[in-house]
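Me: I want the reasoning behind the labels in this model. Keep it brisk.

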Amino acid sequence: MNHTVKYLLDETDIPRQWYNIAADLPEPPTRPLNPSTGQPLNPSELEPLFSRGVIEQEISTERYIDIPEPVRDIYRQWRPSPLYRARRLERALDTSARLYYKYEGVSPAGSHKPNTAIAQAFYAREEGVKRLTTETGAGQWGSSLALAGSMFGLEIEVFMVRVSFDQKPYRRAFMESFGATCFPSPSDRTAAGRTILAENPDNRGSLGIAISEAVECAMKRDDTKYVLGSVLNHVLLHQTIVGLEALRQFELADDYPDTIIACTGGGSNFGGIVFPFLGRQLRGGETVNIVAVEPANCPTLTHGKYAYDFGDTAHLTPLVKMHTLGSNFVPPGFHAGGLRYHGMAPLVSQCTDLGYVTPRAYDQKVCFEAGLEFARAEGILPAPEANHAVVAAIDAARECKASGESRAILFNLSGHGHFDMPAYVDYSAGNLYDHNYNEGDMATALASLPNVSA
Ligand SMILES: Cc1ncc(COP(=O)(O)O)c(C=O)c1O
């Protein structure tokens with residue numbers, strides 16, 4: 001009888017190429033639009049903001065894209081990440097399901113985010129960029145970029161959503177330990193921040209606002225580029241290393257997932273684990289049941305519109321076609337800060353629109369309850385974002401128990417929660433609540449979507 005708990009690959013098995021789902025979709029990916037003309041953006045129009053290396057990847061339709069050796073070399077520090085069979089959780093749930101999780105918390109920053117931070121910092125350094133600006137929600141992305149910046153000798157400036165800045169002081173300390181600077185957003189450092197603070201000095205911030213501030217700062221200096229930790233095609237591309245490794249690990253396990261589950265903030269850990277499997281399905285391989293899990297308080301896929309919208313609140317970015325709650329929507333200050341984004345990756349939105357993805361939404365309390373159930377069986381305390389994947393996986397395992405089916409369920413444990421202890425303290429003390437979003441605010445934000453005929 002097989003008792004294997006960890007399916008491990010060797011460093012030499014780190015994939016040499018990322019996988020690009022644009023090559024296998026039945027229709028081409030949607031294109032970003034220039035907000036002033038409403039016309040498809042010329043890639044060169046993105047150059048003031050992004051490095052050329054990632055712009056090429058953003059529009060590529062090549063199925064596989066080489067991972068530069070210096071990036072693979074740094075990946076060796078924590079990759080390949082383990083695929084676990086959650087045998088202890090299976091026993092605790094008394095389920096007939098075979099539960100697997102890919103654990104991205106083994107990275108130095110504690111999540112999947114360094115997979116793209118290292119790549120984006122590499123391309124920037126190759127092009128002579130000196131400084132990078134970015135936003136961060138929970139701080140996982142800012143920490144990852146701080147780390148990547150220190151490895152490639154780049155200056156890093158991070159705008160951290162104020163509610164998370166206040167909730168997670170050690171994330172800022174982590175970023176600063178690697179030489180980055182971190183400001184709470186909205187801040188008085190930018191015109192966008194000052195306008196928002198003038199309207200409401202107590203604004204808790206959102207990823208949309210923090211993106212506006214980081215973009216504004218990047219536009220002001222020639223030696224500076226902006227980098228994004230999720231949403232864009234090239235970010236999801238870099239994250240496919242997760243799913244590509246998992247495909248190999250399922251060969252070791254002599255199994256294949258029936259269901260794949262991941263949480264969705266901007267869509268990058270989801271695309272990372274799902275796309276290599278979905279690509280196989282689109283090329284005639286096994287069909288997988290794919291579940292995207294979002295917070296009920298920021299329900300982009302379950303309640304948003306599939307439409308062109310701005311990626312940020314101050315409308316400095318191009319228009320992208322995505323599920324959106326409106327760029328002015330500010331979700332309540334719940335603890336999964338990395339999931340508080342009004343939009344969704346265009347590729348994830350398109351796959352959902354094509355019917356390949358089932359979205360589900362959960363309130364935060366049941367997510368924490370599931371996270372603790374998982375931790376007590378498996379010994380790993382998940383990030384609040386990852387708890388959304390955990391709760392849906394446990395629900396799927398319980399459905400198997402009820403039906404007697406034995407399905408293989410894979411979920412992405414996108415990060416650990418060691419910097420999120422105040423949230424667990426609140427939960428255990430009974431001080432964590434399921435705030436509802438303001439329906440009027442959402443309706444107003446949705447009513448002000450840009451008018452685009454495409
Ligand atoms: C641990 C973790 N998981 C998931 C997310 C959500 O982001 P994405 O949807 O891009 O994976 C974040 C974002 O900060 C995160 O920190």
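Me: Leaving aside neighbours within four places in sequence, which residues is Ser111 in contact with?

Reply: This is a predicted model. In it, Ser111 is in contact with Glu104, Gly105, Gln140, Ser144, Ser414 and Gly415. Ser111 itself lies in the loop between strand 5 (98-103) and helix 4 (114-126).

Me: How far apart are Ser111 and Ser414 in sequence and in space?

Reply: They are 303 residues apart in sequence. From C-alpha to C-alpha, Ser111 and Ser414 are 5.4 Å apart.

Me: Why is Ser111 called buried?

Reply: Its relative accessible area is 2%. Buried means under 20%, so Ser111 is buried.

Me: What makes the pair Ser111 and Gln140 a polar contact?

Reply: The two side chains come to 3.2 Å. The cut-off is within 3.5 Å for a pair of N or O atoms, so the distance of 3.2 Å fits.

Me: Gln140 is in helix 5 as well. Why is helix 5 called roughly parallel to helix 7?

Reply: Helix 5 (residues 140-152) and helix 7 (residues 169-177) pack at an angle of about 10°. Angles under 35 degrees count as roughly parallel, so helix 5 is roughly parallel to helix 7. Their axes are 8 Å apart.

Me: Which residues make the contact between helix 5 and helix 7?

Reply: Helix 5 gives Gln140, Gly142, Ser143 and Ala146. Helix 7 gives Arg171, Phe174 and Met175. By class, this contact has 3 nonpolar, 3 polar and 1 charged residues.

How values were computed
Residues numbered from 1 in each chain as written. Predicted model: local features only at pLDDT ≥ 70, side-chain atom pairs only at ≥ 80, totals over all residues. Heavy atoms only, no water. Helix = DSSP H or I, 4+ residues; strand = E, 2+ residues; numbered from the N terminus. Buried < 20%, exposed > 50% of the residue type's maximum accessible area, 1.4 Å probe, protein only. Contact = heavy atoms within 4.5 Å. Polar contact = N/O pair within 3.5 Å; in protein donor to acceptor, adjacent residues only side chain to side chain. Axes fitted to C-alpha atoms, helices over the stretch in contact; angles between N-to-C directions. Parallel < 35°, antiparallel > 145°, perpendicular 65-115°, else oblique. Nonpolar A, V, L, I, M, F, W, Y, C, P; charged D, E, K, R; others polar.
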